[in-house]
Amino acid sequence: MIFGENVDKVRRRLGRLLAREHPADADIVISIPDSANTAALGFSEESGIRFEIGLIRNHYVGRSFIVPDQKIRDLDVKVKFNPVKGVIRDKRVVLVDDSIVRGTTSKKLVQMVRNAGAKEIHFRVSAPPIISPCFFGIDMPTRQELIANRLSVEQIRQYLKVESLGYLSVKGMVGMPSLPDEDFCVGCFTGNYPLAIDENLDKLRLE
Ligand code: SF4
């Protein structure tokens, strides 16, 4: 529970809203497990497109975006996820994730789903583009490393090599929980922070 809201229910509503904001003509909805599972279920419910388990996550491997070296991160994706070819082959797939940070992991996952035989991939993100770092404690890459800081949504679509790409709007995301807008920080999505920030502190480096 956060602010009296059930996180699972909010995520599901975000997925429903995502389906309304960015519908897709597709055969199945699959999530990038585990954090996008509930949003993908919400997308499925709202769109009427069947939810399937198309990617299996290996829980014995850690989170890839905090691994410091890009080469290790690339390897990480391959050992962390397994595509279910029997589910994906010859299907038009809606692939739901809860964020795109650098974009490198998303690109590898798209390639994995494509190699498993997907006919089309429609990438949907249950949060807005992350254009600015977090200064309040979330371990994030630097501003230059954030793909949405450098590229437009169309350029990210081309980089990922997907048929379509849709992010949830800031208005949609903030409008979901039943609390006033001013109670939320949306700094990494808008660049407007609720407190004064020091740009030099956008990454805590312990050296
Ligand atoms: S919403 Fe605010 S606190 Fe949360 S990760 Fe983004 S900048 Fe950090």
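**View 1. Six residues gather around the ligand.** In this predicted model, the ligand is surrounded by C134, F136, I138, M140, C185 and C188. What classes of residue make up this shell? Six are nonpolar, and there are no polar and no charged residues. Two of the cysteines are worth a second look. C185 has a relative accessibility of 42%, so C185 counts as partly exposed. C188 counts as buried, because its relative accessibility is 15%, and buried means under 20%. If you are wondering how many disulfides the structure holds, the count is zero.

**View 2. A nonpolar patch lies on the surface.** Here you can find I2, F3 and V7, which together make a nonpolar surface patch of about 290 Å². V7 belongs to helix α1, which covers residues 7-21. Is V7 buried, exposed or partly exposed? Its relative accessibility is 33%, so V7 counts as partly exposed.

**View 3. A salt bridge joins R20 and E46.** Salt bridges are a good thing to hunt for in this model, as the structure holds eleven of them. In the one shown here, the closest N and O atoms of R20 and E46 are 3.2 Å apart. R20 sits in helix α1 and E46 in helix α2 (residues 37-47), so this pair ties together parts that are 26 residues apart in sequence. With 51% relative accessibility, R20 counts as exposed, while E46, at 29%, counts as partly exposed. Now widen your view a little: R20 and E46 are also linked with R12, R16 and E45 in a network of salt bridges.

**View 4. R92 forms a salt bridge with D25 and another with D27.** Start with D25: its closest contact with R92 between N and O atoms is 3.7 Å. This pair links distant parts of the chain, with R92 in strand β5 (residues 92-97) and D25 in the loop between α1 and β1 (28-31), 67 residues apart. Next, find D27, where the closest N and O atoms of the bridge to R92 are 2.8 Å apart. D27 lies in the loop between α1 and β1 and R92 in strand β5, so this pair ties together parts that are 65 residues apart in sequence. How exposed are the three partners? D25 is exposed, with a relative accessible area of 59%. R92 counts as partly exposed at 22% relative accessibility, and D27 counts as partly exposed at 26%.

Key
Residues numbered from 1 in each chain as written. Predicted model: local features only at pLDDT ≥ 70, side-chain atom pairs only at ≥ 80, totals over all residues. Heavy atoms only, no water. Disulfide = S-S within 2.5 Å. Buried < 20%, exposed > 50% of the residue type's maximum accessible area, 1.4 Å probe, protein only. Patch = residues over 30% accessible without salt bridge, like charges linked within 9 Å, V, L, I, M, F, W, Y side chains within 5 Å. Areas by Shrake-Rupley, 256 points an atom, 1.4 Å probe, with all protein chains shown as cover. Salt bridge = Lys/Arg side-chain N within 4 Å of Asp/Glu carboxyl O. Helix = DSSP H or I, 4+ residues; strand = E, 2+ residues; numbered from the N terminus. Near = heavy atom within 4 Å. Nonpolar A, V, L, I, M, F, W, Y, C, P; charged D, E, K, R; others polar.
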